[in-house]
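Trainee: I have just opened this entry and would love a friendly tour. Could we go through it together, one question at a time?

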Amino acid sequence: AGELPIQGTSNNYFFQAALACNTDGLTEEEAKEKIKIVYDKWSESSSFSNRLWTNIEAKIREVYEKNLKIEKGRPKGNKLDTQEIAEEFIAGRKFFKNQDHTLLYENVNGFLEKVSKTLQSELQVKYPALNQNEYSDIIFKLIGLAQLYPPTNKDLIVFKNGIFNHREMRMVTTNDIADMGFKDYNYLEPLKENEPVEFLKTLFSNVADLEHPRIKAGLNAIKLGYLDPKISVIFGASGVGKSTPLTILTVVLGEYAMTVEMNQFLSDKFIKAKIKDKRLLVFQDLPQTWKDFTTIKTITGEQQKTERGFHQDVVTFDNKIKIWASGNYLAKIPPEEQDAMYTRRLSLVHNTRAVAYKEDPLLVTKIVNNEGVTIISWIVNINESECAYEPKSTVKKEWENIASPETEYIEKYWRYSESSYDVSIMKIVADFKEKYQTEMSVKQMEATLKTIGYSVKYGIVKGIEPTIIKKESVNTL
């Protein structure tokens with residue numbers, strides 16, 4: 001009594017506190033008031049984990065909604081009737097199972113919440129002498145008795161204060177089961193005071209206004225529940241905050257998001273299976289070379305995916321993923337992949353800040369804690385009219401100017417020569433470095449020249465001459 005939770009114990013501590021309050025006959029509001037006093041003291045202690053008060057409220061609400069209380073253990077020698085317990089749970093609540101009968105879900109206010117593991121706390125409190133074998137047997141029987149996972153409505157998102165239909169852009173009353181839910185967050189209307197100010201700064205402050213519709217299109221796709229074939233890429237220098245909004249999104253979206261290195265994802269079949277039920281996949285620090293365009297096109301092009309998880313059966317599921325990525329480099333797209341990638345697979349956002357920010361290790365945590373609820377509602381409230389990806393011609397030009405600046409250079413400063421004009425490739429590279437202030441290897445320049453159609457032999461480019469540009473002189477090579 002009076003002790004504060006230590007590191008790693010807050011979840012069980014506040015759950016047990018709520019149980020004690022309910023067992024002692026306190027109302028839910030009285031329990032909140034009593035537990036809030038402890039929370040406020042804990043928030044000022046060295047063991048505070050930045051856990052939101054809304055998370056604690058959700059635990060208290062769960063205890064009171066299910067009327068959980070501390071019960072005495074069974075008499076010695078008595079065996080727990082696991083079948084009776086399972087049947088009692090099934091009779092009073094709505095449980096469902098996945099298609100391979102490995103996971104248990106419960107319909108909580110119109111949303112199917114995964115409870116295979118969380119039921120342990122509830123059962124252990126109700127039956128303190130419960131052992132591991134009995135618990136496993138109860139879960140096994142619950143899964144056996146539960147109904148199969150039903151179709152869900154992808155237009156619906158469950159919040160703490162009701163159900164939102166993102167197609168109709170309003171709160172609704174329905175018996176349909178939502179495809180997505182945030183039990184710790186209220187839905188907030190699209191008002192100025194409900195905007196996540198600091199989060200929006202991380203998104204838009206270093207991006208040109210004309211690219212804002214690209215960002216909104218990439219964020220809007222997260223809520224839709226359908227595959228978005230576009231990979232939205234934030235490009236910029238090191239330390240300028242490219243990955244910050246993506247990290248915040250990953251934390252706020254919780255079980256709906258995952259972050260992984262691109263090459264690791266493409267090469268590991270078990271990691272690929274983890275996109276089931278995810279809405280956001282973030283690739284951190286894009287590599288300079290993309291190794292597997294076939295898999296990239298498959299992940300971003302197939303509405304139905306068939307994957308096998310680690311030690312699991314093969315399962316087919318709806319692909320609902322939206323991919324975001326950030327990087328200091330953009331990979332060169334091979335000629336044979338350009339049509340598919342530039343037409344349907346890529347969207348580019350430029351972070352134009354040149355100077356790195358001073359590192360703030362608490363920035364993400366502060367924004368998540370202060371604006372988590374407003375971030376979710378802001379994304380949900382994005383209107384389709386605000387969203388637009390750039391056309392193929394735009395993304396192709398912008399991408400290649402960064403990934404292959406030598407292409408623009410060659411087209412701008414050189415042309416085919418009908419005479420026998422030959423130029424050393426070393427001189428072309430030197431001229432490029434002077435004009436663009438960018439490093440360039442002879443090998444890359446040679447490859448690009450050949451792709452465009454020039455003949456390069458023994459370090460000499462055949463049939464090429466400088467282009468005459470008005471008001472700008474070109475070095476005579």
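Trainee: How many cavities of 30 Å³ or more are there?

Mentor: Good place to begin, and please keep in mind that this is a predicted model. With 30 Å³ as the lower limit, the count of cavities is one.

Trainee: What is the volume of the largest cavity, and which helix gives the most to its lining?

Mentor: The volume of the largest cavity is about 60 Å³. Its lining takes at least two residues from each of β8 (178-182), α8 (212-224) and α14 (363-380). With three residues, the element that gives the most is α14.

Trainee: How many charged residues are in the lining of the largest cavity?

Mentor: Let us look at who is there: Ile 157, Met 180, Phe 182, Ile 222, Lys 223, Leu 253, Ile 376, Ile 379 and Val 380 line the largest cavity. Lys counts as charged. By class the lining has eight nonpolar residues, no polar ones, and one charged.

Trainee: Turning to the largest pocket, which residues are the closest to its centre?

Mentor: The largest pocket has a volume of about 1500 Å³. It is lined by 48 residues, and those closest to the centre are Ala 58, Glu 113, Phe 182, Lys 183 and Asp 184.

Trainee: Which helix gives the most to the lining of the largest pocket?

Mentor: By class, that lining has 19 nonpolar, 13 polar and 16 charged residues. Six residues of the lining come from the element that gives the most, α3.

Trainee: Are α1 and α3 parallel or oblique to each other?

Mentor: Helix α1 covers residues 10-23 and helix α3 covers residues 53-65; their axes come within 9 Å and cross at roughly 40 degrees. Angles under 35 degrees would count as roughly parallel. The crossing angle therefore makes α1, relative to α3, oblique.

Trainee: Is the crossing of α1 and α3 left-handed or right-handed?

Mentor: Look at where they touch: residues of α1 including Phe 14, Phe 15 and Leu 19 meet a set in α3 that includes Ile 56, Ile 60 and Val 63. The contact of α1 with α3 divides into nine nonpolar, two polar and one charged residues. As for its hand, the crossing of α1 and α3 is right-handed.

Trainee: How does α7 lie against α14, roughly parallel or roughly perpendicular?

Mentor: The axes of helix α7 (residues 197-204) and α14 come within 8 Å and cross at roughly 75 degrees. An angle from 65 to 115 degrees counts as roughly perpendicular. So α7 is, with respect to α14, roughly perpendicular.

Trainee: Which residues of α14 make the contact with α7?

Mentor: By class, this contact has eight nonpolar, one polar and two charged residues. Among those on the α7 side are Phe 199, Leu 203 and Phe 204. On the α14 side they are Ile 367, Glu 371, Ile 375 and Trp 378.

Terms used: Residues are numbered from 1 along each chain as its sequence is written. This is a predicted model: local features need pLDDT of at least 70, side-chain atom pairs count only at pLDDT 80 or more; totals for chains, interfaces and linings use all residues. Side-chain values use heavy atoms; hydrogens and water are left out. Axes are lines fitted to C-alpha atoms, for helices over the stretch in contact, and angles run from 0 to 180 degrees between N-to-C directions. Helices (H or I, at least four residues) and strands (E, at least two) are DSSP runs, numbered from the N terminus. Angles under 35 degrees count as roughly parallel, over 145 as roughly antiparallel, 65 to 115 as roughly perpendicular and the rest as oblique. A crossing is left-handed if the near helix is turned anticlockwise from the far one by less than a right angle, and right-handed if clockwise. Contact means heavy atoms within 4.5 Å. On a 1 Å grid over the protein atoms alone, a cavity is a set of points where a 1.4 Å probe fits but cannot get out, and a pocket is an open set with protein on both sides within 12 Å along at least five of seven lines; lining residues have an atom within 4 Å of a point. Grid points are joined across faces, edges and corners, and a volume is the space filled by probe spheres set on the points.
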